[in-house]
Amino acid sequence: MQEREIKLLFKAGVFDSCQAAPVSIARGWQLKFITKQAEVMTLDLQRSRKEREFKSLDGAAAVARRIGFEWLNVQIGDMEWQEKV
């Protein structure tokens with residue numbers, strides 16, 4: 001989904017949380033949006049259906065904040081924690 005579509009869904013109260021997960025060590029991070037029904041939605045690139053990847057966790061957190069999230073769940077393997085964005 002595009003960022004503007006995710007913003008609209010956020011304002012409608014569809015999402016339970018936002019999660020950042022590494023794509024791989026060399027490639028960076030991706031954002032996943034978890035709905036209240038436990039469905040997972042991802043952020044797409046503007047001009048294609050490919051998932052958007054962020055070079056840094058800070059970049060991913062900035063987009064989550066722009067959408068409206070106050071907290072970002074970060075998951076690396078079995079480790080998971082929350083960051084205030």
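**Figure 1. Strands β1 and β4 side by side in the predicted model.** In this predicted model, strand β1 (residues 15-24) pairs with strand β4 (residues 71-76) in the parallel sense, and 2 bridges hold the pairing. For a spot to zoom in on, take Gln19, which stands opposite Asn73 in β4.

**Figure 2. The β4-β5 hairpin.** Strand β4 also pairs with strand β5 (residues 79-84); these two run antiparallel and are joined by 6 bridges. One of the matched pairs is Val74 with Trp81, the latter sitting in β5. The two strands make a hairpin with just 2 residues between them. Have a look at Gly77 in the turn, where phi is positive, at about 60°.

**Figure 3. Glu3 and Arg52, a salt bridge across the sequence.** Searching the whole structure turns up 5 salt bridges, and this view picks out the one between Glu3 and Arg52, with the closest N and O atoms 3.8 Å apart. Glu3 belongs to helix α1 (residues 3-11), while Arg52 is in the loop between β3 (40-42) and α2 (57-67), so the pair ties together parts that are 49 residues apart in sequence. How buried or exposed are the two partners? Glu3 is buried, at 16% relative accessible area. Arg52, in contrast, is partly exposed, at 27%. The pair isn't on its own either: Glu3, Arg52 and Arg66 are linked in a network of salt bridges.

**Figure 4. Arg27 and Glu53, joining two loops.** Here Arg27 forms a salt bridge with Glu53, and the closest N and O atoms are 2.3 Å apart. Arg27 lies in the loop between β1 and β2 (28-35) and Glu53 in the loop between β3 and α2, so parts 26 residues apart in sequence are tied together. With a relative accessibility of 34%, Glu53 counts as partly exposed.

**Figure 5. Lys84 and Glu70, an exposed pair.** Both members of this pair count as exposed, Lys84 at 54% relative accessibility and Glu70 at 52%. They form a salt bridge whose closest N and O atoms are 3.9 Å apart. Lys84 lies in strand β5 and Glu70 in the loop between α2 and β4, so this one ties together parts that are 14 residues apart in sequence. As background, side chains of opposite charge can pair when their charged atoms come close.

**Figure 6. Asp44 and its surroundings.** Asp44 sits in the loop between β3 and α2 and is buried, with a relative accessible area of 9%. Which backbone atom lies 2.8 Å from a polar atom of the Asp44 side chain? That would be the backbone nitrogen of Met1. Setting aside neighbours within four places in sequence, Asp44 is in contact with Met1, Gln2, Arg49, Lys50, Glu51 and Arg52. Arg52 will be familiar as the salt-bridge partner of Glu3.

**Figure 7. Asp16 on strand β1.** Asp16 is found in strand β1, and at 56% relative accessible area Asp16 is exposed. Not counting residues up to four places away in sequence, Asp16 touches Ile34, Thr35 and Lys36. For a sense of distance, the C-alpha atoms of Asp16 and Arg47 are separated by 27 Å, with the two residues 31 apart along the chain.

**Figure 8. Stepping back to the whole chain.** To put the close-ups in context, the protein has 2 helices and 5 strands, in the order α-β-β-β-α-β-β along the sequence. Along the principal axes, the C-alpha atoms fill a box of roughly 35 × 30 × 20 Å. The radius of gyration is 12 Å, which agrees with the value near 12 Å for a compact globule with 85 residues. Of those 85 residues, 36% count as buried. Among contacts with a separation of 6 or more, 43% come from residues 24 or more positions apart. As for the surface, the protein exposes about 5,700 Å², and carbon and sulfur atoms supply 49% of that.

Conventions. Residues are numbered from 1 along each chain as its sequence is written. This is a predicted model: local features need pLDDT of at least 70, side-chain atom pairs count only at pLDDT 80 or more; totals for chains, interfaces and linings use all residues. Side-chain values use heavy atoms; hydrogens and water are left out. Two strands pair if DSSP finds at least two bridges between them. Helices (H or I, at least four residues) and strands (E, at least two) are DSSP runs, numbered from the N terminus. A salt bridge is a side-chain nitrogen of Lys or Arg within 4 Å of a carboxyl oxygen of Asp or Glu. Buried means under 20% relative accessible area, exposed over 50%, partly exposed in between (1.4 Å probe, protein chains only). The radius of gyration is taken over C-alpha atoms; the globule rule is 2.2 Å times the number of residues to the power 0.38. Contact means heavy atoms within 4.5 Å. Accessible areas come from the Shrake-Rupley method with a 1.4 Å probe; for residues, only the protein chains shown count as cover. A polar contact is a pair of N or O atoms within 3.5 Å; within protein, one must be able to donate a hydrogen and the other to accept it, and residues adjacent in sequence count only if both atoms are side-chain atoms.
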